[in-house]
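The following exercises invite the reader to examine a structure step by step. Each task is followed by a worked solution.

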Amino acid sequence: MLTIHVLLRALPAVLLLGACGTDPAASVAPPPTPRPGPDPWAAALRVAPAVDRNPDPRVVEIDLEARMGDWEYAPGRRVRAMTYNGQVPGPRIEARAGDTLVVHFTNRLEEPTTIHWHGLRVPANMDGGPHSQPPIAPGATFEYRFVVPDAGTFWYHPHVHETAQMERGLYGPIVVRGEREPAADVEGVVVLDDLLLGADGQIAPPGDLVEQHNGREGAVSLVNGRAGAELPMRAGQRQRWRIINAGSARFYRVALLGHRFTIIGTDGGLIPTPRVVDELFLVPGDRLDVLVDGVAAAGASATLQNLPYARGHGAGITEALDLLRVRYTADAPVPRLAPPGGGPAVAVIETGGVTPRTVTFSERIDRDAKRVVFMINERSFPDVPDIVTRVGATEVWDLVNTSEMDHPFHLHGFFFQVVSRNGLPEAAPTWEDMIQLRGEERVRIAFRVDNRPGHWMYHCHILEHVENGMMATLNVIP
Ligand code: C2O
Ligand code: CU
């Protein structure tokens, strides 16, 4: 009996979860006996998947439409929103590494937009950034078509008027599965965000100088577009959370009282050595892939909280905020799963002989124009000179933050490794496209420029800082 149980538990999580794609092994394995208990993402936190209308198992072909809609972020509470296919977050896009993704996109908004595939290593002309394509006009369509090369947790969002479009609901999760995924009983996306509402209960219009400077944060905390949600958990169960920070400027220092997290993946997919931690930290744009084991007893509950974090200039939350209630069902416990194995090794990038480039992040107040100015190398987008490099090059950048405030750094199109922070070598590098750059910190990163020439954006992922100039271009020439 026990052996059968253990065997069933060893089946990939996808077999236990109707909602989560197909697995080639499913055709040969005996039909899985469903484990009793809830499917948490089926109800409370479910993000409806995109509908794949292509019968080819290696092609995911979907329709996506940006349009206005009503967003019910809590029972009976609705705001006028911008949506993908009428939902916030937008449809969950599921693929396997190596699949071709085709997105028939229609812009039904009254303003231009694009889609950027945050973290996907796509060709430059599919990247949705300001230099990749002209904005898609109201009423117009665009076909995105590319191969999804890497397994991991990614997301999509516009790269036009980000402060308004993303705040109002335009963002969605992307799950790309690899050949070997760690076992878990249930799995789902956890998309974090916050909403700033005006006195009328609607999403507040872009704010004053303080908001432009600090970045927008709002009092309503959201998980998968919902406030005050509950997540069922069964004692003994293992859940895999693919966490995405989609907030404009909110940083997340996340804890679940009485529980620990096992980090199994970062921006670039599974990491070689899982790490057990009490807290998670995600800057805007960041992803973490974690396992949460149901260590409490049947009937217990615990609150997922965002803990205080000061990110400079008095910005950031000063009291813990509740994000989600994890409620244990009354079901009898299931046996716990063994600790997960690691992902593929990360070969440390050889940086000897490469002259580092310095990329500084700074800010000033333009009192005459009554605006804040955020700069890269002392200039503001679009006036920052491009960094020009060639296919095949190894790049080493010293990211230097001369301001007091954190400026989380994002590079489009390439995963990089952190080499050192303030001169201290990074012990075990991982693949990232999004890292924290603290106030007055200096971080050295390295990446290889593969054969995807074109223009790639790099910027702070606090959206108000992008809007006020903290963005620039890496120009990769063939
Ligand atoms: Cu999510 Cu230009 O980034
Ligand atoms: Cu910034």
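Two strands count as paired if DSSP finds at least two bridges between them. The model examined here is a predicted one.

**Exercise 1. Determine how strand S20 pairs with strand S21 and with S23.**

Solution. Begin with S20 (residues 357–366) and strand S21 (residues 371–376), which pair in the antiparallel sense over six bridges. Within this pairing, Glu363 stands opposite Phe374 in S21. Next, consider the hairpin of S20 and S21: four residues lie between the strands, and Lys370 takes a positive phi near 50°. Finally, turn to S23, which runs parallel to S20 and is joined to it by five bridges. Here Thr358 has Asp398 in S23 as its bridge partner.

**Exercise 2. Locate Ser380 and decide whether it is buried or exposed.**

Solution. Ser380 is placed in the loop between S21 and strand S22 (387–390). Its relative accessible area is 17%. Buried means under 20%, so Ser380 is buried. A polar atom of the Ser380 side chain lies 2.8 Å from the backbone oxygen of Phe374. Leaving aside residues up to four places away in sequence, Ser380 touches Val373, Phe374, Met375, Asn468 and Gly469.

**Exercise 3. Identify the residues that coordinate the copper ion (ligand 2).**

Solution. The coordinating atoms belong to His407 (ND1), Cys460 (SG) and His465 (ND1), at 2.0 to 2.1 Å. Along the chain, these donors follow the spacing H-x52-C-x4-H. The two histidines link distant parts of the chain: His407 is in the loop between strand S23 (394–401) and strand S24 (409–411), while His465 is in helix H5 (residues 463–467), 58 residues apart. His407 is buried, with a relative accessible area of 0%, and His465 is buried, also with a value of 0%.

**Exercise 4. State the strand order of the open sheet that includes S11, and name its edge strands.**

Solution. Five strands form this open sheet, in the order S11-S19-S18-S13-S16, with mixed pairing. Strand S11 (229–233) and strand S16 (280–282) are the edge strands, since each pairs on one side only. From one strand to the next, the twist averages 25°. S11 and strand S19 (residues 321–328) run parallel and are joined by five bridges. Met233 is found opposite Tyr328 in S19.

**Exercise 5. Describe which parts of the chain are connected by the salt bridges of Glu65, Glu217 and Arg238.**

Solution. Side chains of opposite charge can pair when their charged atoms come close. The model has 33 salt bridges.

- Glu65 pairs with Arg108, the closest N and O atoms being 3.4 Å apart. Glu65 lies in strand S1 and Arg108 in the loop between strand S4 (100–107) and strand S5 (116–118), so the pair ties together parts 43 residues apart in sequence.
- Glu217 meets Arg250 in a salt bridge of 2.6 Å, N to O. Glu217 lies in the loop between helix H4 (209–214) and strand S10 (220–223), and Arg250 in the loop between strand S12 (238–245) and strand S13 (252–256), so this pair ties together parts 33 residues apart in sequence. Both Glu217 and Arg250 are buried.
- Arg238 forms a salt bridge with Asp293, with the closest N and O atoms 2.8 Å apart. Arg238 is in strand S12 and Asp293 in strand S17 (residues 287–293), 55 residues apart. Arg238 counts as buried at 4% relative accessibility, and Asp293 is buried with a relative accessible area of 14%.

Note on methods
Residues numbered from 1 in each chain as written. Chains lettered and ligands numbered in written order. Predicted model: local features only at pLDDT ≥ 70, side-chain atom pairs only at ≥ 80, totals over all residues. Heavy atoms only, no water. Donors = N, O, S within 2.8 Å, 3.2 Å for Na, K, Ca; no water. Buried < 20%, exposed > 50% of the residue type's maximum accessible area, 1.4 Å probe, protein only. Axes fitted to C-alpha atoms, helices over the stretch in contact; angles between N-to-C directions. Polar contact = N/O pair within 3.5 Å; in protein donor to acceptor, adjacent residues only side chain to side chain. Contact = heavy atoms within 4.5 Å. Salt bridge = Lys/Arg side-chain N within 4 Å of Asp/Glu carboxyl O.
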